[in-house]
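Okay, thanks everyone, let's get going. I'll put the structure up and then walk through a few spots that caught my eye.

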Amino acid sequence: MIVVSNATPLIALAKIDRLDLLQELFGTIVIPQAVYEEVVAHAPDRPGAARVRGAHWIRTQAPTDQTKVNCLRTDLDRGEAEVLVLAEELHADWVLLDETKARLAAQLLGLRFTGTVGLLLLAKRVGKIAAIRPLLDELRAKKFHLSEKVYCAALEQAGEN
């Protein structure tokens, strides 16, 4: 399975000390250089920086089509653009991203995507975690933007409402 991740899911899961869920769910994760720089190089004290740097199961790969990356940069940041182009080039099974504009672009490109909340729901479905409520509450406490509507819908989907 090929999974390409943007920075936000990595950072969010690291904030709640559950970055390991990505390895448990998917084995290997691929990130473009821009995401590596955002998570590790530009903010070495950021949650997850040291873990991403040392994770043998996170592989960094640059997208080939820089023209397409540059075209996407009109609406997206560099990391998001590189994630989407790399996902297309690798024929990724999943793209991990949380930002609304990036998700819309992924949809337009026909890419299958999920975000941090979707990852937690998947982890519960396959028995990697017992409940999502405590993790969602911890994310919110650590300033992860999660609307009340999404929070309630996730709890309902998880059977925890």
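One cut-off before we start, since I'll lean on it throughout: buried is under 20% relative accessible area, exposed is over 50%, and partly exposed is whatever falls in between. Cys152 comes out at 37%, so Cys152 goes down as partly exposed. Keep in mind that this is a predicted model.

While we're on cysteines, Cys71 has a relative accessible area of 52%, so that one counts as exposed. And how many disulfides does a search of the whole structure find? The search comes back with 0. Just as a reminder, a disulfide is a covalent bond between the sulfur atoms of two cysteines.

Now let's go inside. The largest nonpolar core has 58 residues. Which of its residues touch the most other members? Those are Leu22, Phe26, Ile29, Leu84, Leu120, Ile132 and Leu136. As for where this core comes from, helix H6, residues 78-90, supplies the largest share, with 7 residues.

Let me pick out Leu22 from that group. Leaving aside residues up to four places away in sequence, Leu22 touches Leu10, Leu13, Gly27, Ile29, Trp57, Leu96 and Leu119. So hold on to Trp57 and Leu119 from that list, because both names come back.

Trp57 first. Is this tryptophan buried or exposed? Trp57 has a relative accessible area of 8%, which is under 20%, so Trp57 is buried. Trp57 sits in a loop, the one between helix H4 (49-54) and strand E3 (58-60). Again skipping residues up to four places away in sequence, Trp57 is in contact with Leu19, Leu22, Gln23, Gly27, Thr28 and Ile29. Take Ile29 from that set: Trp57 and Ile29 are 28 residues apart in sequence, yet their C-alphas are 6.4 Å apart.

Leu119 is the other name I flagged, and we meet it again from Thr114. Thr114 belongs to strand E5, residues 113-114. With 13% relative accessibility, Thr114 is another buried one. Beyond residues up to four places away, Thr114 touches Trp94, Val95, Leu96, Leu97, Arg103 and Leu119. Leu96, you'll remember, was on the list for Leu22 as well.

One more buried position: Ala7, in helix H1. The relative accessible area of Ala7 is 1%, so it's well under the 20% cut-off. Ala7 touches Val35, Glu38 and Val39, with residues up to four places away in sequence left out. There's also a long jump in sequence here: Ala7 and Asp98 are 91 residues apart along the chain and 9.0 Å apart in space, C-alpha to C-alpha.

Okay, on to charges. The count comes to 8 salt bridges, and I'll show you a few. Arg51 pairs with Asp17, with the closest N and O atoms 3.3 Å apart. Why is that pair worth a look? Arg51 lies in helix H4 and Asp17 in the loop between helix H1 (7-15) and helix H2 (20-26), so this salt bridge ties together parts that are 34 residues apart in sequence. Arg51 is partly exposed at 37%, while Asp17 is exposed at 54%.

Next, Asp20 and Arg18 form a salt bridge, with a closest N to O distance of 3.2 Å. Asp20 is partly exposed, at 21% relative accessible area.

Then there's Glu37 with Arg78, where the closest N and O atoms are 3.0 Å apart. Glu37 is in helix H3, residues 33-41, and Arg78 is in helix H6, so the pair ties together parts that are 41 residues apart in sequence. Arg78 is partly exposed, at 33%. And this pair has company: Glu37, Arg78 and Glu82 are linked in a network of salt bridges.

Last topic, backbone. Most residues other than glycine have a negative phi. Which way does Asp17 go, positive or negative? Asp17 has a positive phi, about 55°, and it is not a glycine. That's the residue we just saw paired with Arg51, in the loop between H1 and H2.

Lys143 does this too, with a positive phi of about 70°, and it isn't a glycine either. Lys143 is in the loop between helix H9 (133-141) and helix H10 (148-157). With 73% relative accessibility, Lys143 counts as exposed.

That's my tour, so over to you.

Notes:
Residues numbered from 1 in each chain as written. Predicted model: local features only at pLDDT ≥ 70, side-chain atom pairs only at ≥ 80, totals over all residues. Heavy atoms only, no water. Helix = DSSP H or I, 4+ residues; strand = E, 2+ residues; numbered from the N terminus. Buried < 20%, exposed > 50% of the residue type's maximum accessible area, 1.4 Å probe, protein only. Contact = heavy atoms within 4.5 Å. Disulfide = S-S within 2.5 Å. Core = buried A, V, L, I, M, F, W, Y, C linked by side-chain atoms within 4.5 Å. Salt bridge = Lys/Arg side-chain N within 4 Å of Asp/Glu carboxyl O.
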